[in-house]
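Trainee: I've got a fresh model open and I'd like to work through it piece by piece. Can you walk me through it?

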Amino acid sequence: MRPATSAGPTIPTTGNHGPPTSMRFISTRGETQPVSFAEAVAIGLAPDGGLYLPETLPDLRGAWTGWAGLDYATLCQEFLGHFATDLDPAVLRDVVEPAYRSFTHPDIAPLEQLGENLFVLELFHGPTLAFKDFALQFLGNLYEQQCRTHGRKLNVLGATSGDTGAAAIHGLLGKPDVAIFILYPDGRIAPLQERQMACTGAANVFALAIDGTFDDAQAALKAVFGDQAFRQKHRLSAVNSINLARVLAQCVYYLYAWLRLPADRQGNVEFVVPTGNFGNILAGWLLQQMGVPIRGFKLATNRNDILYRLFTTGEYRLAPVAPSLAPSMDIQVASNFERFLYYSVGREPARVREILAAFQAGGVYRFEHFDAGAFTASRCTDTEITGLIKQVYHKYGYVCDPHTACGFKELSRDRVSVVLATASPAKFPDVIRAATGLAPTHPRLEALQSRPVVKHRMRADAAAIRAFIEKHGV
């Protein structure tokens with residue numbers, strides 16, 4: 001924001017360059033039956049505790065060459081048509097097109113060039129000023145369509161480390177027959193992030209401030225979804241990136257950006273992704289596996305660096321969550337890593353279950369021959385985050401938020417870097433002011449300052465959450 005390929009795991013593809021006649025989705029843990037796209041979206045977390053993935057990935061090599069020049073919504077519809085094969089194309093269009101009308105930039109996801117080999121992909125022009133809007137505006141419309149088509153009511157549950165909650169809420173704000181419950185760690189997100197969730201005034205929105213960390217909230221969420229009787233009784237669905245629709249919708253902005261790079265740069269591009277729960281960077285990696293020739297991905301973490309340590313040492317070891325200046329990345333258990341793990345172990349669900357059980361039992365798993373594939377990694381301390389914000393501002397005249405700042409550390413000298421700007425700097429005014437002397441604002445955020453905060457404090461306990469949903473759900 002300016003002030004005022006490596007081999008890796010082998011993944012089967014359809015070999016068919018056109019949309020498949022029928023796409024099915026399977027669980028990473030292999031103990032539940034394949035389902036359709038609409039079923040995978042409605043269920044969210046697979047009944048066996050695993051995460052849904054396409055049974056096969058489409059081969060897009062014959063498709064993306066004809067997609068250059070498409071506007072964002074049309075590209076999204078073309079891409080998702082390869083997965084949502086159980087939806088009529090007209091229905092998919094009616095779900096996708098309205099999702100991006102509230103974005104304030106005409107390009108939806110503008111690609112800003114800062115240097116000869118340095119670009120920033122701005123993903124904060126949606127209604128809540130964060131990259132989560134790209135998937136959650138779409139997912140909110142999809143939920144509404146499913147409720148209308150099947151005459152059902154839906155209770156949506158999510159956990160957030162900052163931006164997911166606000167984006168999910170605004171994707172479902174005021175929609176009929178839907179209630180949304182968002183868990184977040186009380187006192188561990190930015191004040192404006194909390195206000196975006198707790199100041200809506202909407203009757204179908206419930207901001208649940210839990211004691212503990214995001215990891216505690218995520219564990220409680222999974223425990224609630226693990227109660228199959230409760231889940232079915234209350235028609236519960238997940239809005240976190242455990243929901244596959246989130247990840248697939250995020251693939252689109254990687255493709256959109258890649259198509260807009262100069263042709264002589266496309267084969268040497270590395271996307272640099274501020275990373276906490278692994279869903280955002282996984283979306284780009286999946287696109288690469290579909291045949292889009294992206295050279296690599298750099299995983300940028302803050303001081304909560306479990307993924308940095310994994311991709312540099314092969315050891316996945318739990319550590320305490322430490323509050324940071326980039327709170328949306330204050331995560332030590334990355335849910336979406338399970339999807340990458342599934343491919344890394346040769347698509348063997350039994351191995352996935354074995355590794356996850358060992359990690360859950362001991363808090364550590366050491367991979368003997370871990371293949372980082374197309375990934376590199378970096379990590380940032382709070383001091384470095386402040387320094388990088390200042391450095392980027394003085395060198396390029398560009399203001400970035402503290403999460404995006406992590407992406408500017410140790411940029412590759414021999415690749416074209418596209419840093420994903422995941423949130424507006426206006427959401428973190430104190431950090432930006434300390435680094436640059438500027439005080440970024442946004443009218444959507446300023447309007448929240450006078451509204452009362454309505455939140456419900458509770459323990460990170462599945463029984464307490466179930467009781468609250470029992471009382472307030474639709």
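Mentor: Sure, and keep in mind that this is a predicted model. Let's begin with β5: six of its six residues are buried, so the strand is largely enclosed by the rest of the structure.

Trainee: Which residues of β5 point one way, and which the other way?

Mentor: As a rule, side chains in a regular strand alternate between the two faces of the sheet. Here N155, L157 and A159 point to one side of β5, and all are buried, as are the residues pointing the opposite way: L154, V156 and G158.

Trainee: What is the order of the strands in the open sheet of five strands?

Mentor: Start with the edges, where each strand pairs on one side only: these are β8 (236–238) and β15 (456–458). Next, β5 (residues 154–159) is joined to β8 by three bridges, and β5 also pairs with β6 (residues 178–185) over six bridges. The pairing in this sheet is parallel, and the order is β8-β5-β6-β7-β15.

Trainee: Which residue in β8 is the bridge partner of V156?

Mentor: β5 and β8 run parallel, and N155 of β5 has L236 as its bridge partner in β8. For V156, the partner in β8 is S237.

Trainee: What is the handedness of the β-α-β crossover from β5 to β6?

Mentor: The two strands pair in the parallel sense, with L183 in β6 as the bridge partner of A159. Between them the chain passes through helix α5 (residues 163–172), and the crossover is right-handed.

Trainee: There's another open sheet, this one with six strands; which strands stand at its edges?

Mentor: Its order is β3-β4-β14-β9-β10-β13, and the pairing is mixed. An edge strand here has a single partner, so one side of it is left without a neighbour in the sheet; that describes β3 (111–115) and β13 (375–379).

Trainee: By how many degrees are neighbouring strands of this six-stranded sheet turned against each other on average?

Mentor: This is an average over neighbouring strands with direction ignored, which is handy given that the pairing is mixed. The value is 25°.

Trainee: At about what angle does helix α11 run to β13?

Mentor: First, the strands underneath: β10 (residues 296–301) and β13 run parallel and are joined by five bridges, with K298 paired to T376 in β13. Helix α11 (residues 306–313) lies across both β10 and β13, and its angle to β13 is about 135°.

Trainee: Moving on to the nonpolar cores, which residues touch the most other members of the largest one?

Mentor: In soluble globular proteins, nonpolar side chains tend to be buried together. This core has 118 residues, and its largest share, 14 residues, comes from helix α9 (residues 244–260). The ones touching the most other members are F79, Y100, F138 and F271.

Trainee: What does F79 touch, leaving out residues up to four places away in sequence?

Mentor: F79 is among the residues of the largest core that touch the most other members. With those sequence neighbours left out, its contacts are L60, W67, L248, C251, V252, L255, L287 and M290.

Trainee: How many residues are in the second, separate core?

Mentor: You can find that core by looking for A130, V272, M329 and I389, which it includes. Its size is 28 residues.

Trainee: How many disulfides are there?

Mentor: The cut-off is a sulfur pair within 2.5 Å. C76 is buried at 0% relative accessibility, and its sulfur is 10.0 Å from the closest cysteine sulfur, in C251, so that is too far for a bond. C147 is buried too, at 7%, but the closest cysteine sulfur, in C76, is 20 Å away, again too far. The count is zero.

Trainee: I also noticed some backbone oddities; is I108 buried or exposed?

Mentor: I108 lies in the loop between α3 (89–96) and β3, and its phi is near 65°, a positive value in a residue other than glycine. Its relative accessibility is 9%, so I108 counts as buried.

Trainee: And what is the relative accessible area of R235?

Mentor: R235 sits in the loop between α8 (228–233) and β8, and it has a positive phi as well, near 50°. R235 is partly exposed, with a relative accessible area of 31%.

Conventions. Residues numbered from 1 in each chain as written. Predicted model: local features only at pLDDT ≥ 70, side-chain atom pairs only at ≥ 80, totals over all residues. Heavy atoms only, no water. Core = buried A, V, L, I, M, F, W, Y, C linked by side-chain atoms within 4.5 Å. Buried < 20%, exposed > 50% of the residue type's maximum accessible area, 1.4 Å probe, protein only. Helix = DSSP H or I, 4+ residues; strand = E, 2+ residues; numbered from the N terminus. Contact = heavy atoms within 4.5 Å. Pairing = 2+ DSSP bridges. Right-handed = clockwise from strand over helix to strand, strands pointing away. Axes fitted to C-alpha atoms, helices over the stretch in contact; angles between N-to-C directions.
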